[in-house]
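Me: Please take a close look at one part of this model, the pairing of opposite charges, and then set it in its wider context. A connected account with explicit cut-offs would be most useful.

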Amino acid sequence: MDSIIVRGNGPLKGQIPIAGAKNACLTLMPATLLSEEPLTLTNAPRLSDIKTMAALLESLGAEVTSLQDGKVLAMSSHDLTSSHADYDIVRKMRASNLVLGPLLARTGHAEVSLPGGCAIGARPMDLHIFGLEKLGAEIELREGYLHAKAPRGLKGAEIDLAFASVGATENILMAATLARGSTVIRNAAREPEIVDLATCLRAMGAQIEGDGTSEIVVQGVDRLHGATHPVVADRIELGTYMLAPAFCGGEVECLGGRLDLVGAFVEKLHDAGIDVEETKAGLKVARRNGRVKAVDITTQPFPGFPTDLQAQMMALLSTAEGTSVLEEKIFENRFMHAPELMRMGAEIEVHGGTATVRGVDRLRGAPVMATDLRASVSLILAGLAAEGETVVSRVYHLDRGYERVEEKLGNVGAHIERVRET
Ligand code: UD1
């Protein structure tokens, strides 16, 4: 397994291009299952999770061709041969469950493995099932698989979600595009990835209004057609790289960054004493002098502070002036990076969903282990601000969500290298 070695760094300077959003791409790819005609995605990120989704779609009979070094994905689901999403693929990546809604809508049946446990919490699928059952699907759990069928097709319905789940909103939205009549999704997730999915579905002929608000209204159509759609910028990759100069000092411009994607996060950066400026090409971030100040963070659904940036922010606050309190409201077990940061000298106490971080003057390099995707990048950032050398092992998590991290950080002056193991 590869590891990443990071050495404590001086100020960073330069530009980092932001890729298309992993989480948007993982819901846009299954949208191909809704139509017989081709769907092409541009600005796709080059990540192992995208390859996993491509393998899943291919196992269903779709064709996925990767062009321009993976930046363009040309897909066709003209001849679907299976409606069975196998455990072997689903267990690798929870987002595999996003084939459920489209398969059901297009073919009238689907068998999708339950994803099983995940390092950051239980992550059940009850809201997905609730919504699809409202649309008329019959769903049973047998032998670890959800067996879903809609022998008479799906029918529009009013669906009130108990929680604004991103995945449930996406599955229901995709299914509703081909249901008879109109569907209203209340307490829908408002994440930019939902807006991106709705934009793509509209380009395919779907009738959708209200995406980006808590109430999405869909008028079902008989069929969807082909389209080409650019994947929205990755707000989590953006937020992660915006933090790099906050750790090390200096000035970094994130190309393709947009304030509307990271509003709540930028407010907290300002409170911590970091400058963020909009430029023609993206967002420029600078820490000119002094220590970062402590800030309190509560993770929330969009437009609140994203859970996917909590680990990186905790790493930053571990060297802040003062004490910060971080509350995790989305996932019940998402502080596994805290003990790893403590091995580097951070002072953190975790009680349930609350972490109290007492800022120390300096972190010290140490061997640490990546426990999940966002935790792994938080350890790399911490290593850049630490004295000495930090070796982050188990970085396969990192490759699921960050393309060419050592190249992107290395280009702005970070001391970072990958050690490949054969
Ligand atoms: C998506 C993102 C993930 C991000 C998360 C929250 C993708 C591929 N992943 O995950 O990176 O951290 O949004 O912003 O887009 N829940 C239920 N029942 C359900 C569904 C969810 O109880 O049926 C709970 C989950 O256990 C979790 C919370 O709702 O505690 C949030 O989950 P959800 O918004 O569905 O996140 P994902 O779509 O899995």
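With which residue does D2 form a salt bridge, and how far apart are the closest N and O atoms?

Reply: The model is predicted, so local features need pLDDT of at least 70 and side-chain atom pairs count only at pLDDT 80 or more, while totals for chains, interfaces and linings use all residues. Residues are numbered from 1 along each chain as its sequence is written, and side-chain values use heavy atoms, with hydrogens and water left out.

The partner of D2 is R418, and the closest N and O atoms of this salt bridge are 3.1 Å apart. The two residues are 416 apart along the chain, with D2 in the segment before β1 (3–7) and R418 in strand β26 (residues 415–419), so that the contact links distant parts of the chain. A salt bridge here is a side-chain nitrogen of Lys or Arg within 4 Å of a carboxyl oxygen of Asp or Glu. Helices (H or I, at least four residues) and strands (E, at least two) are DSSP runs, numbered from the N terminus. D2 and R418 are both buried, where buried means under 20% relative accessible area, exposed means over 50% and partly exposed lies in between (1.4 Å probe, protein chains only).

In general, side chains of opposite charge can pair when their charged atoms come close. The whole structure contains 33 salt bridges. One of them joins E193 and R235, at 2.9 Å from N to O. This pair also links distant parts of the chain, 42 residues apart: E193 belongs to helix α7 (residues 192–203), and R235 to helix α8 (residues 235–248). Both E193 and R235 are buried. E327 and K329 form another salt bridge, with the closest N and O atoms 3.5 Å apart. E327 counts as partly exposed because its relative accessible area is 29%. Elsewhere, salt bridges that share partners connect R46, D69, E237, E403, R404 and K408 in one network.

The strands provide further context. Two strands pair if DSSP finds at least two bridges between them. Strand β13 (residues 215–219) has a covered face made of I216 and V218, whereas E215, V217 and Q219 form its uncovered face. On the covered face, I216 is the bridge partner of I185; strand β11 (residues 182–186) pairs with β13 in the antiparallel sense over 5 bridges. Strand β12 (residues 207–209) is likewise antiparallel to β13, over 3 bridges, and E209 stands opposite V217. β12 and β13 form a hairpin with 5 residues between them, and G210 in the turn has a positive phi of about 90 degrees.

An open sheet of 4 strands follows the order β6-β7-β9-β8 with mixed pairing. Its edge strands, β6 and β8 (138–142), each pair on one side only. β6 pairs with strand β7 (residues 109–113) in the parallel sense over 2 bridges, and H84 has E111 in β7 as its bridge partner. D79 is located in the loop between β5 (72–76) and β6 (84–85). D79 counts as exposed because its relative accessibility is 52%.

A contrasting position is L41, found in strand β3 (residues 39–42). L41 is buried because its relative accessible area is 0%.
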